[in-house]
Amino acid sequence: MRVGVVTFPGTLDDHDAARAVRFAGGEALSLWHGDSDLQGVAGVILPGGFSYGDYLRCGAIARFSPIMSAIIPAAEKGLPVLGICNGFQVLCESHLLPGALTRNSELHFLCRDQEIEIVNNESAWTSDFSVGERITIPLKNGEGSFQCDDRTLNELESNNRVIARYVGINPNGSRNSIAGITNARGNVVGVMPHPEHAVDPLTGPTADGLAFFTSLMKTRV
Amino acid sequence: MAKVIVDVVLKDEILDPQGDAISRALPRMGFTFSPTSVRQGKSFIITLDHQPSRDELSEIERAAATLLSNPVIESFSIRVEN
């Protein structure tokens with residue numbers, strides 16, 4: 001399966017995302033922000049980093065890039081898309097996911113291994129987990145506090161659209177300790193911590209993140 | 001010549017940790033006024049070589065609502081200075 005990994009100016013984690021796809025048994029294809037051809041990929045990853053230098057707001061400029069003008073309608077038709085960290089911010093700015101990511105409540109940039117609990121295994125990117133499974137993957141961001149209005153929060157909670165929550169102390173002030181959410185259809189997922197940095201015990205804290213990528217392989221083989 | 005200024009601030013119900021930090025820093029630095037809260041925002045100063053027409057102002061409003069602010073968390077206001 002071919003999975004596109006987007007590189008915006010300022011993207012940092014595209015190589016690790018591509019490596020995670022290969023570890024999961026897929027083929028990673030690099031997609032450039034200035035192109036608008038998805039080249040027939042079966043899924044897309046928007047990796048972490050600081051697209052366009054985080055100018056204006058995190059993800060705000062990336063939303064208007066040519067590659068996003070191709071990804072947005074494809075995602076609305078069901079193409080699996082995973083946004084990690086800055087990618088999550090891009091998905092919110094694109095309105096593919098509700099809410100927004102704002103400054104961490106304690107203002108510090110956090111960089112640490114974070115335990116999260118998977119609470120939905122019905123999305124395209126979490127089907128290889130069990131509900132209630134606790135995993136440890138790196139968290140590294142300055143603007144990771146998930147915020148939305150009460151109506152949106154109720155909608156997310158009552159429709160099982162939260163995919164993961166932080167375990168223990170809420171690290172960044174996210175509402176209901178939300179670490180990741182999905183859209184109504186379950187094909188678009190945004191997650192703040194970084195599964196692509198935890199696919200190999202040699203280079204990460206665990207290999208717990210790999211199941212995000214193996215989930216996709218099972219979704220659309 | 002005119003300046004169209006778009007002020008963007010976080011909505012009241014959105015946590016503003018930067019504003020809160022400033023609010024806590026003020027008395028620590030010896031300022032004697034005691035704010036009930038501080039909210040931090042940003043301004044976009046758009047300079048035109050003419051007075052903006054009604055159409056141009058509505059275009060600027062559209063830019064403010066789509067690019068300059070994120071309506072999920074922020075509100076904006078527009079003012080014109082000559």
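Me: Helices (H or I, at least four residues) and strands (E, at least two) are DSSP runs, numbered from the N terminus. With that in hand, where is the place of Cys85(A)?

Reply: This is a predicted model: local features need pLDDT (the predictor's confidence in each residue, from 0 to 100) of at least 70, side-chain atom pairs count only at pLDDT 80 or more, and totals for chains, interfaces and linings use all residues. Residues are numbered from 1 along each chain as its sequence is written, while chains are lettered from A and ligands numbered from 1 in the order in which they are written. You'll find Cys85(A) in chain A, in the loop between β4 and α3 (86–93).

Me: Is Cys85(A) buried or exposed?

Reply: A residue is buried if 20 or more other C-beta atoms lie within 10 Å of its own, exposed if 12 or fewer, and partly exposed in between, with C-beta atoms placed from the backbone. Cys85(A) isn't a glycine, yet its phi is positive, near 60 degrees. It has 30 C-beta neighbours inside 10 Å, so Cys85(A) counts as buried.

Me: And how does Asn176(A) count?

Reply: Most residues other than glycine have a negative phi. Asn176(A), not a glycine, has a positive one of about 50 degrees, and it sits in the loop between β9 (162–166) and β10 (178–182) of chain A. Because it has 13 C-beta neighbours inside 10 Å, Asn176(A) counts as partly exposed.

Me: What about the bigger picture: how many helices and strands are there in chain A?

Reply: Along its principal axes, the C-alpha trace of chain A spans about 40 × 35 × 35 Å. Buried residues account for 55% of its 221 residues. As for the elements, chain A has five helices and eleven strands.

Me: Why is chain A as compact as a globular protein of that length?

Reply: The radius of gyration is taken over C-alpha atoms, and the globule rule is 2.2 Å times the number of residues to the power 0.38. For 221 residues the rule gives 17 Å, and chain A comes close to that, so the answer lies in its radius of gyration of 15 Å.

Me: Which strand of chain A pairs with β1 (residues 2–7)?

Reply: Two strands pair if DSSP finds at least two bridges between them. β1(A) has a parallel partner over six bridges, and that partner is strand β2 (residues 27–32) of chain A. Between the two, the chain passes through helix α1 (residues 14–23), and this β-α-β crossover is right-handed, that is, clockwise from the first strand over the helix to the second with the strands pointing away from the viewer. One bridge pairs Val5(A) with Ser30(A), and the strand asked for is β2(A).

Me: What covers the buried residues of α1(A)?

Reply: The buried residues of this helix are Asp14(A), Asp16(A), Ala17(A), Ala18(A), Ala20(A) and Val21(A). Just after the helix comes Gly25(A), with a positive phi near 100 degrees. The cover includes, from chain A, β1, β2, β3 (43–46), β4 (81–84) and α5 (210–219).

Me: Which residues is Glu27(A) in contact with, leaving aside its neighbours within four places in sequence?

Reply: Two residues are in contact if their C-beta atoms, placed from the backbone, lie within 7 Å. Glu27(A) lies in strand β2 and, with 12 C-beta neighbours inside 10 Å, counts as exposed. Its contacts beyond those neighbours are Met1(A) and Arg2(A).
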